[in-house]
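Open the model in your viewer and keep the sequence beside it. The walk below goes from loops to core, then to a helix and the ligand.

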Amino acid sequence: MTTPARCYCASSISHSSSFLGVCVKVACVGGGPAGLYLSILLKRQDPSHDITVHERDPEGSTYGWGVTYWRGLLDELHARDPESARAVEEHSVRWNQGVAHVRDLVTRQPGDAGHGIGRHKLLEILTARARALGVRLEFEREITPDELPEADLVVAADGVHSALRTRHAQHFGAALTPGRNPYVWLGTTKVFDSFTFAFVETGHGWIWCYGYPFSADRSTCVIECAPETRTGLGLDRANDADGTARLEGLFAHILDGHPLIGRASGDGGAPWLTFRTLTNRTWYRDNVVLLGDAAHTTHYSMRREPPSPWRTPSPSPTPCGSAPSCRRPSPATSATVRRPC
Ligand SMILES: Cc1cc2nc3c(=O)[nH]c(=O)nc-3n(C[C@H](O)[C@H](O)[C@H](O)COP(=O)(O)OP(=O)(O)OC[C@H]3O[C@@H](n4cnc5c(N)ncnc54)[C@H](O)[C@@H]3O)c2cc1C
């Protein structure tokens with residue numbers, strides 16, 4: 001194992017820090033937004049760091065549709081890495097108001113500004129930037145807890161179902177609370193001009209949709225309801241085509257004749273899931289640090305500056321001391337996060 005003369009923890013990353021001449025070997029497990037963005041920040045901090053991102057899926061494949069963010073996050077991205085921030089901003093769409101449809105009532109809230117970007121595009125931008133900075137990217141490389149890469153710092157950025165965290169769930173104090181309501185993450189060719197909430201009352205209870213644009217020709221539609229509403233509407237038994245057609249009928253007033261789409265690749269529907277709220281008592285164990293959704297999740301209904309996975313590695317440029325302490329990251333990495341509602 002490489003033993004650096006001095007090292008700086010994931011909790012002490014800043015674009016402005018310049019502790020050069022120390023080669024720290026970092027292995028990021030997971031090439032989602034959190035793992036990729038951390039690798040960018042570390043390389044910017046010191047190009048001599050030896051950083052590898054291990055991603056189990058092929059390059060360019062990811063789940064989901066668009067993601068939203070707000071101006072405050074974009075400002076932070078510009079401050080930390082202007083180059084990727086410019087690309088993210090350039091490929092994002094913007095809106096300036098929120099609109100709520102409740103039965104026949106439509107309420108608009110001007111000034112409710114936000115941004116949306118396709119998850120594929122976001123990862124493409126972060127991947128290209130990491131590569132340009134000299135981060136080693138290994139796709140189709142799954143890491144198991146039994147064969148952790150040799151590194152001074154191993155970053156578990158392997159998502160909410162993190163195998164690295166699960167192996168030591170008791171140490172981390174991991175608590176996974178399944179949500180009650182099922183939701184389905186869909187796309188549509190309807191391009192909303194605002195962040196759109198639509199609440200529809202059915203004979204089996206309410207069903208609602210969060211819609212937001214993320215490109216010039218696509219929007220995201222996350223549809224959610226109580227379990228008994230889903231059963232009452234037959235959505236738990238319907239095949240992909242019938243289920244999608246039923247949802248298109250229920251939300252016809254906001255879709256304007258546009259279809260709902262199950263998967264970006266076009267082959268099949270999207271699964272109904274329940275959101276899992278994850279918290280951990282601590283975010284590190286020896287030289288393994290949890291990052292992004294592996295450390296905490298944020299419910300998609302939290303629209304105001306949630307603790308984004310891009311924001312996790314934060315801010316002070318303070319060195320965390322000698323090599324051994326690098327394997328015991330500072331308590332800053334285990335800071336309490338706001339609980340999702
Ligand atoms: C319906 C829904 C809507 C959302 N909307 C938004 C939004 O609008 N804005 C927002 O900011 N967030 C949103 N989120 C949350 C956002 O998607 C996550 O916070 C974000 O993806 C977390 O990034 P991550 O890198 O930590 O994990 P992930 O994106 O899950 O990435 C983890 C990566 O690790 C890889 N991996 C897993 N295990 C291994 C292994 N053993 N070896 C190698 N690789 C591995 C996976 O393939 C994956 O690529 C939403 C989530 C949901 C469910």
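**From loops to ligand**

D286 sits in the loop that joins β14 (284–285) to β15 (288–290). This is a predicted model. Phi of D286 is positive, near 50 degrees, and the residue is not a glycine. Is D286 buried or exposed? D286 has 11 other C-beta atoms within 10 Å, so it is exposed; the cut-off for that class is 12 or fewer.

D256 offers a second case. This residue also has a positive phi, about 50 degrees, without being a glycine. Its loop runs between α9 (252–255) and β12 (260–261). D256 counts as exposed because 11 other C-beta atoms lie within 10 Å.

Next comes E59. Look for it in the loop between β2 (50–55) and β3 (66–69). Its 14 C-beta neighbours inside 10 Å make E59 partly exposed. Which residues does E59 touch, leaving aside those up to four places away in sequence? They are T127 and F139. L137 is 78 residues from E59 in sequence, yet the C-alpha to C-alpha separation is 9.3 Å.

Now turn to the interior. The largest nonpolar core holds 69 residues. V155, A156 and L291 have the most contacts inside it. Helix α1 gives this core its largest share, seven residues. Where does the core lie with respect to domain 1 and domain 2? Domain 1 (10–93 + 116–174 + 280–334) and domain 2 (178–274) both contribute residues, so the core lies between them.

Helix α3 shows how one element is split between two sides. It spans residues 82–90, and its buried residues are S84, A85, A87 and V88. Viewed down the axis of α3, these buried residues fall within an arc of 165 degrees, so they line one face of the helix. The general rule is that an α-helix has 3.6 residues a turn, so residues three or four places apart point the same way. The buried residues of α3 pack against α1 (33–45), α2 (71–80), β5 (105–118) and α4 (119–133). Exposed P82 and E90 are on the face turned away from the buried side.

Finish at the ligand. It has 28 residues around it, and G30, G32, A34, G159 and G292 come nearest. Elements that each supply at least two residues of this shell include α1, β2 and β3. What is the make-up of the shell by class? It has 13 nonpolar, nine polar and six charged residues.

Technical notes: Residues are numbered from 1 along each chain as its sequence is written. This is a predicted model: local features need pLDDT of at least 70, side-chain atom pairs count only at pLDDT 80 or more; totals for chains, interfaces and linings use all residues. A residue is buried if 20 or more other C-beta atoms lie within 10 Å of its own, exposed if 12 or fewer, and partly exposed in between; C-beta atoms are placed from the backbone. Helices (H or I, at least four residues) and strands (E, at least two) are DSSP runs, numbered from the N terminus. The arc is that of the directions from the helix axis to the C-beta atoms. Two residues are in contact if their C-beta atoms, placed from the backbone, lie within 7 Å. A residue is near a molecule or strand if its C-beta atom, placed from the backbone, lies within 6 Å of it. Ala, Val, Leu, Ile, Met, Phe, Trp, Tyr, Cys and Pro count as nonpolar, Asp, Glu, Lys and Arg as charged, and the others, Gly among them, as polar. A nonpolar core is a set of buried Ala, Val, Leu, Ile, Met, Phe, Trp, Tyr and Cys residues joined through C-beta atoms within 7 Å. Domain bounds come from an automatic or database domain assignment.
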